[in-house]
Amino acid sequence: MSHSQAADERVAHDETFPEAVDAVRTRRSGHNFDPDEDLADETLEALVRDATLAPSSYNLQPWEFVAVQDEDRLENVVELAYGQEHVREAGTAILVVGHTEAKTADRVFDEWVEAGRMDEAAAEQTKAQSVEMYEDERFGRDYAVRNASLAAQNLLLSAHARGLKATPMIGFDAEGMAELLDLPDDEIPVMLIAVGPSGGPEPERLPRRSVDEVLHRESY
Ligand SMILES: Cc1cc2nc3c(=O)[nH]c(=O)nc-3n(C[C@H](O)[C@H](O)[C@H](O)COP(=O)(O)O)c2cc1C
């Protein structure tokens with residue numbers, strides 16, 4: 001059996017959380033939202049809670065979530081997203097924001113020490129290294145995008161698991177969005193997510209590149 005055939009079948013490791021595997025396999029980027037139904041406030045909070053459970057470098061959690069639901073503000077978001085209609089129809093746009101600096105380091109490294117997972121000297125050293133590393137502009141942007149993207153994916157899967165539609169988007173004017181939503185200078189927009197109740201099915205998924213094509217063993 002080829003590796004790609006195996007990938008299409010349920011294998012032993014899938015069975016611990018089969019519904020989670022199904023969620024990964026059936027998640028779609030939604031363009032068909034129900035414009036007449038709103039997202040309940042508790043649901044918005046549940047989505048963000050699930051997003052915050054994403055892994056992050058040293059558990060620094062360098063992310064923020066800006067939810068826009070006010071009609072006029074959402075219209076501004078649609079404009080900055082080059083008129084993408086599904087943002088309006090979703091009724092909620094969440095900008096996932098990433099920190100470009102390790103600004104949570106003091107608190108988080110204290111938590112490592114309090115939990116007995118790191119001694120004070122190691123925490124001080126690691127903290128100093130993290131803070132210094134992300135002073136470099138490129139590392140800082142990488143830090144923001146890597147960590148906040150994982151939070152965004154958690155949010156997408158959580159929305160799907162709750163029967164909602166969600167679409168990740170980078171088709172927007174990032175500078176304009178940062179200004180509209182009052183982002184601090186050391187934080188950047190990473191992903192805009194349109195999320196809301198489903199308005200019906202999506203078109204068939206486009207083909208995915210096969211495992212045989214994308215999996216490289218031992219070296220590229
Ligand atoms: C980084 C990124 C940027 C994207 N930008 C947009 C976007 O601006 N507008 C949009 O409608 N979909 C956007 N998408 C959704 C993709 O079109 C979609 O994920 C892809 O076609 C695969 O479909 P699926 O998510 O349903 O499997 C984006 C997805 C990613 C990961």
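These are my notebook entries on the ligand site and on T100 in a predicted model.

**Ground rules.** I number residues from 1 along each chain as its sequence is written, and I leave out hydrogens and water, using heavy atoms for side-chain values. Because the model is predicted, local features need pLDDT of at least 70 and side-chain atom pairs count only at pLDDT 80 or more, while totals for chains, interfaces and linings use all residues.

**Ligand shell.** I looked up which residues surround the ligand (a heavy atom within 4 Å of it). There are 13, and the closest are R28, S29, H31, Q84 and P168. I sorted the shell into 3 nonpolar, 6 polar and 4 charged residues; Gly is among the polar ones, Pro counts as nonpolar and Arg as charged. Strand β3, residues 164-169, gives the most to the shell, with 3 residues. Strands here are DSSP runs of E, at least two residues, and helices are runs of H or I, at least four, numbered from the N terminus.

**Polar contacts of the ligand.** I looked for pairs of N or O atoms within 3.5 Å. A ligand oxygen is 2.7 Å from a side-chain N or O atom of H31. A ligand nitrogen is 2.9 Å from a polar backbone atom of P168. A ligand oxygen is 3.0 Å from a polar backbone atom of G171. On its own the ligand has 620 Å² of accessible area (Shrake-Rupley method, 1.4 Å probe), and the protein covers 65% of that.

**T100.** I found T100 in the loop between β2 (92-99) and α6 (105-114). Is T100 buried or exposed? T100 is buried, because its relative accessible area is 14% and buried means under 20%. A polar side-chain atom of T100 lies 2.8 Å from the backbone oxygen of D186.

Technical notes:
A polar contact is a pair of N or O atoms within 3.5 Å; within protein, one must be able to donate a hydrogen and the other to accept it, and residues adjacent in sequence count only if both atoms are side-chain atoms. Buried means under 20% relative accessible area, exposed over 50%, partly exposed in between (1.4 Å probe, protein chains only).
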